[in-house]
Amino acid sequence: MPKLGNPTSTIEILEKYHFVFQKKYGQNFLIDSNILNNIIETADITKEDFVIEIGPGIGSMTQYLAEAAREVYAVEIDKLLIPILQDTLSEYTNVTIINEDILKVDLKKLAEEKNNGRPVKIVANLPYYITTPIIMGIFESKVPVESITIMVQKEVAERMQVGPGTKDYGALSLAVQFYAKPVIAMFVPPTCFMPQPKVGSAVIKLIRYDQKPVDVKNDGFMFSLIRASFNQRRKTLVNGLQNASGLQLEKKAIADALEKMKLSPTVRGETLTLQQFAELANILYQE
Ligand code: SAM
């Protein structure tokens, strides 16, 4: 089996199996070996590692992962890709292919069973429409994970990495940064994929914190505040939070909390750091 990750062998495989791309699954396969090598390097994969790959496609990245890792579990939703993967990965004895929707796989159980509870590494060239549910699902369900190295839409990578005071800063930035340190490793142009996506892409590595960067009494409550603040981005924090259904916060309580934190009564949520959201949540939660 030829090494994939280049236009010639990708076309050969696609023709051999008369494969038709499915738009609904966000299928854009990597055809650039430099990018694939860079992803493996960024993810820091060694022969000690148990790796979960989300969406292996025809197996281009899986081949690189299989060579670098101890063991790889590749979860692919499209059943038409399974015979192709069995072919392109036939030489690798350390790869298991699973035909399933990643959102339905119990990754916590898989990681605990296959890696003795030690943290796994997750690597993926993700279908862009499910980037956020996948990442948040992994963090929130407490999958023992050391890092997630993923190709995402360029703008999404930027949103995950920025801090307050920029237009891209929002609930996703705070949610990711609560769990992990985000580092953009590289930008990848559409020409590196087949078919070419309409948007630019980026590889971002999320390195999970051993200890949360802020001390918060109730994570869920803090994230309700964060979502409410950014849902009404143009409003002051006091008005945004007071109007948020489900929170039931009184204007005075919010204003008092801001005063206690020495913040202006007209401050907007988009200027608050994660630390400040945690502090605000702790004060309001107590009340
Ligand atoms: N990793 C391959 C590569 O780099 O060439 C393919 C990447 S392609 C952008 C995304 C892959 O994820 C496709 O193979 C698609 O069928 C698969 N996929 C889409 N939704 C999925 C889901 N919910 N669970 C598992 N795989 C999914």
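These are a few worked exercises on salt bridges, empty space and burial in a predicted model.

Before you start: residues are numbered from 1 along each chain as its sequence is written, and side-chain values use heavy atoms, with hydrogens and water left out. Since the model is predicted, local features need pLDDT of at least 70 and side-chain atom pairs count only at pLDDT 80 or more, while totals for chains, interfaces and linings use all residues.

**Exercise 1. Find how many salt bridges there are, and work out which parts of the chain the Lys 3 pair ties together.**

Step 1. Set the rule: a salt bridge is a side-chain nitrogen of Lys or Arg within 4 Å of a carboxyl oxygen of Asp or Glu. Run that and you get 8 salt bridges.

Step 2. Pick out Lys 3. Its partner is Glu 67, with the closest N and O atoms 3.4 Å apart.

Step 3. Place both ends, taking helices (H or I, at least four residues) and strands (E, at least two) as DSSP runs numbered from the N terminus. Lys 3 sits in the segment before helix 1 (7-16) and Glu 67 in helix 3 (residues 60-68), so the pair ties together parts that are 64 residues apart in sequence.

Step 4. Check accessibility, where buried means under 20% relative accessible area, exposed over 50%, and partly exposed in between (1.4 Å probe, protein chains only). Lys 3 is partly exposed at 36%, and Glu 67 is partly exposed at 44%.

**Exercise 2. Take the salt bridges Asp 49–Lys 121 and Glu 112–Lys 108, and place each in the fold.**

Step 1. Asp 49 and Lys 121 meet at 2.9 Å, N to O. Asp 49 lies in the loop between helix 2 (33-43) and strand 2 (50-54), and Lys 121 in strand 5 (residues 120-125), so this pair links parts that are 72 residues apart in sequence.

Step 2. Both Asp 49 and Lys 121 are buried.

Step 3. Follow Lys 121 into the sheet, counting two strands as paired if DSSP finds at least two bridges between them. Strand 5 and strand 6 (145-153) pair in the parallel sense over 6 bridges, and Lys 121 stands opposite Ser 147 in strand 6. In strand 6, 7 of the 9 residues are buried, so the strand is largely enclosed by the rest of the structure.

Step 4. Now Glu 112 and Lys 108: their closest N and O atoms are 3.9 Å apart. Both lie in helix 5 (residues 107-114), 4 residues apart, about one turn of the helix. An α-helix has 3.6 residues a turn, so residues three or four places apart point the same way. Glu 112 is partly exposed at 39%, as is Lys 108 at 33%.

**Exercise 3. Describe the two largest pockets and the largest cavity by volume and lining.**

Step 1. Fix the terms. On a 1 Å grid over the protein atoms alone, a cavity is a set of points where a 1.4 Å probe fits but cannot get out; a pocket is an open set with protein on both sides within 12 Å along at least five of seven lines; lining residues have an atom within 4 Å of a point. Points join across faces, edges and corners, and a volume is the space filled by probe spheres set on them.

Step 2. The largest pocket has about 670 Å³ and 38 lining residues, with Tyr 25, Gly 26, Gln 27, Asn 28 and Pro 127 nearest its centre. Sorted by class (Ala, Val, Leu, Ile, Met, Phe, Trp, Tyr, Cys and Pro nonpolar; Asp, Glu, Lys and Arg charged; the others, Gly among them, polar), that lining is 22 nonpolar, 10 polar and 6 charged.

Step 3. The second largest pocket holds about 250 Å³. Its lining has 13 residues, and among those closest to the centre are Arg 208 and Asp 210. The classes come to 5 nonpolar, 1 polar and 7 charged.

Step 4. There is 1 cavity of 30 Å³ or more, with a volume of about 50 Å³. Helix 9 (219-231) and helix 10 (237-243) each give two or more residues to its lining, and helix 9 gives the largest share, 3 residues. By class, you get 3 nonpolar, 5 polar and 4 charged.

**Exercise 4. Decide whether helix 8 is enclosed or open, and say what covers its buried residues.**

Step 1. In helix 8 (residues 171-179), 8 of the 9 residues are buried, so the helix is largely enclosed by the rest of the structure.

Step 2. For the cover, use contact (heavy atoms within 4.5 Å). Helix 6, helix 7 and helix 12 are included in what covers the buried residues of helix 8.
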